[in-house]
Structures are given as structure tokens and as C-alpha cells.
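Please open the structure in your viewer and keep the selection tool at hand for a short guided tour.

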Amino acid sequence: MKKKLQNNCMNEFDPNALDELDAIKHIVSSVKSTIRKEMISTRGSLGRIVANDISSSLDIPNFRNSAMDGYAINLRLLKLNKYILTLKGVSLAGKPYIKRLEKNETIKVMTGSVIPDNSDAIIMKEMVDIIDDKIYFPKNIEKNQNIRQIGEDIKKKDIVIKKGEIINHTHLGILSSLGISKISVIIKPIISFFSTGDELISIDKKLKKGMIYDSNRYILYGLLKNLPVIIKDMGVVKDNEKALIKKLDQCSKLSDVIITTGGVSVGDADYIKSALKKLGKISFWKIAIKPGRPLAYGKINKSYFFGLPGNPVSAVVTFQLFVLAAIEKYIGINERKYICIKAITKNNLSKKKGRVEYKRGHLVQDSKNNTVSISGLQGSNIMTSLSKANCYIRLEANISEVKKGDEVNVIPFNIKI
Ligand code: AMP
Ligand code: MG
């Protein structure tokens, strides 16, 4: 009987490599969202995830007011008027004029000021001539022009921020405009990470031959820092099964998510797999992507575990594709989609069929079109091309080459909706 091949790193055959999108789907669907919530001040909620829909207890605007500095009029009281009005008063923002307009009267109004109950148009200051207390105004005035109506921005009971949104500066504006001083957000989960490898040394130590400085912990710090999570840097662990077990066990006791880099491949010093087998339920995947083929995913006690590849660029790409999707699900962020745009490649690009490739690129947009060039060497150890890149060029699995001048899919960095 033919033995069924498993999708794991031991497989030599790419046809068994797991499809990238299937892997993301599998991970996302296996992660259960946390429901831990806390009340915090509106200002302190910047960057946090809203735990419940937030609805308005007010109309915004709360009163009819002027959108311009100008003059308030009532069209019906102007019937036989020769476009001359008498100035009766002024309404300032915060200091309203409360009387109604009488025939042929106007009052001066400032942006945001209360307008008389029976006014139905505001004439811009720049459109009128003023002689003594007479205001000469133009024809062609439209009903409701330059008036901000009650509730035109937000109506009472409207949901203004949905559960799962990340609070940004505009949300802070909306919340404060509604007089909301506290909101319920998701408690920050704890994410711990460590690097593995006998060759790694800390950046404050002297470099010896054959050793390298550990950059992945700094990369992960950078990737996690702006998320609403608590980061625990657990250092470096040697390529040693016992030491790995000890550290993983420690991490699982204090964190919701554990991320490691290195040791997930099939090298002689790749001990993550054997350590994990003894600790939890972990699958080892060979994913049909470049960079970042090997990935370990599963659970150790209650913590989700991600074993990322050791090469820094692979660690970044696998973090962005798989770990971020899982963290977002865990903390309940509403699903966001990466923006993918078309661009003309300025290079001939080649790749192996059967896997999706993310090339580091530099996208330029001008009035005519988008063009993209690769930003340097594409090895998964080459960090400089990632630092020069402002996008990934995503080449589908079934493609083996793209010619200069062809259209490619590009995912710009830092744009997510
Ligand atoms: P591994 O996945 O452990 O086989 O490592 C693959 C490559 O990534 C090797 O060249 C490692 O030296 C390198 N590497 C692993 N971990 C790190 C790290 N934390 N910082 C920089 N390079 C690393
Ligand atoms: Mg290693």
C-alpha cells in the first residue's frame, strides 16, 4: 500500500507543500478569540481593540449651526426683498443669538454657531456687501445652504465604532465628540518570543568567528511593538532539546502566544521539532512559499505556538502572513484585507513553479502608471533588500517567469484596510 505523505518539513517533494492561503485559513480558523475585556480611558484606548459595539447617545451636530462665517436668513421672509437686509445681531460659537428672524432681518453667524430656529440659509461672508447696518446679498440662494443639520454626522443610537476596530485618532475624535470618557477594550495578550541557535550572540557581546548577532528578536520586537499586545523577549536558546523544552514550558506558563525563530528545518541542529513533540500538539508544515517554507504551528498548553524559520527575511514574511493573522484573530481585530495593486515590472523575474513567491520590491507611482523594481538580492538572509523595499511583488505559484514590462501584483507595505 502506498504511504500517504504528510505535509511536514521532512517531505522532499514540493507537491506536498501546503498552499499558503490554505495554511492561513487553517491557522485563523483554529485560533479562538480571547474575550478578556477591560474598561480604559478614551485617550488610553489609542491602538486598542474595541470589545463591544459603541453607540451614540447624542445627535452630532446636536444643534443646527453654521458651516461658514456669514449671515443667516429666512427665505420666506424675503419675498419682495431687493436683496437688502438689516443686521440685528451676532451669533458666535459658544455664544448663541437666540431670537427668531423677523422680516428682512439677518444676523451675523460664525462657523459652528447656533443659527436662529427659523433661519434656512447662510450666506457666506465673502458674498455680501455691508454698508452701515445693511447687508446687500446675492440672488440664487438655495434653501439649507451652509447649514449643518442636526444628526447629519451621527444620529442618536447609531453604532459609531464596531467591535473589533482598532482605535485610531479619528475614533478618539468621535468618542470625545460624544462625551464618552471610557470604553471597553480587549485586554492585551502576552506574546513571548525567543531565538534559537548556537551561532547567536547578543548585540552587546564581542563577535567571534562563526557567530552572528541575533537579529530576529529585534525584528520581532519591531513587528509586535505597534500591536495591542504585551511583548516578552525571552532571549536566546541553544540548539539543545532540553534547554528548548525548559524555555518553551516557561513561555507557555506566562504567554498567550509563543514565537520562536530557527531550528524548524531539517538541519542537524534543528531541535525544535523533537522538543515540541514532547510538549504539545504541533504540526510541522512545509508551505509552498518563498521565502519562509518551514513553519511549525500548534499549541503548548493554552498557548499558541509559531516556530518561524531562522533566516530573518523568512521570519518577517511568515510572521506577516501567518502569525499576524493568528494574533489578529486572537485579539478580535476585524478581518482586514491587504491591498494588492498592479504594477509594471522593470525586471525580468524568475522563480520555481509550485510555490508563491514574495519578492522585495520598490514601487513607484507616477501620473501614468505604477512601476516596480526588485530592491536587491532576494536571498532569505538578505535584510538590506527588505529595508530598501516598500512592497512585496507577489508571484503566483503557477508562474515561472515574468518579463520586464509585464504586469505583476504588488502588495504595498503599511497599507491595510
Ligand atoms: P535555521 O532556521 O536555524 O536553520 O537558521 C537559518 C539561517 O538563519 C541560518 O543562517 C541562521 O544562522 C540564521 N538565523 C537563525 N536565527 C537567527 C537570528 N536570530 N538572527 C539572525 N540570523 C539567524
Ligand atoms: Mg539554527
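The stops below go from a sheet to the helices across it and then to a patch on the surface.

This is a predicted model, in which local features need pLDDT of at least 70 and side-chain atom pairs count only at pLDDT 80 or more, while totals for chains, interfaces and linings use all residues. Residues are numbered from 1 along each chain as its sequence is written, and side-chain values use heavy atoms, with hydrogens and water left out.

Select the six strands that form an open, mixed sheet in the order S16-S13-S17-S21-S20-S18 (strands are DSSP runs of E with at least two residues, helices runs of H or I with at least four; two strands pair if DSSP finds at least two bridges between them). Strand S16 (230-237) and strand S18 (281-286) are the edges, and because each has a single partner strand, one side of each is left without a neighbour in the sheet. From one strand to the next the twist averages 15° (angles run from 0 to 180 degrees between N-to-C directions of axes fitted to C-alpha atoms, for helices over the stretch in contact).

Next, select residues 190-196 and 257-261, strands S13 and S17, which pair in the parallel sense over five bridges; here Phe194 stands opposite Thr260 in S17.

Now add helix H1 (residues 20-30), which lies across S18, S20 and S21 and runs at about 10° to S20 (contact means heavy atoms within 4.5 Å). Helix H5 (residues 272-279) lies across S13, S17, S18, S20 and S21, at about 150° to S18.

Finally, select Ile203, in the loop between strand S14 (200-201) and strand S15 (212-213).

How values were computed. Chains lettered and ligands numbered in written order.
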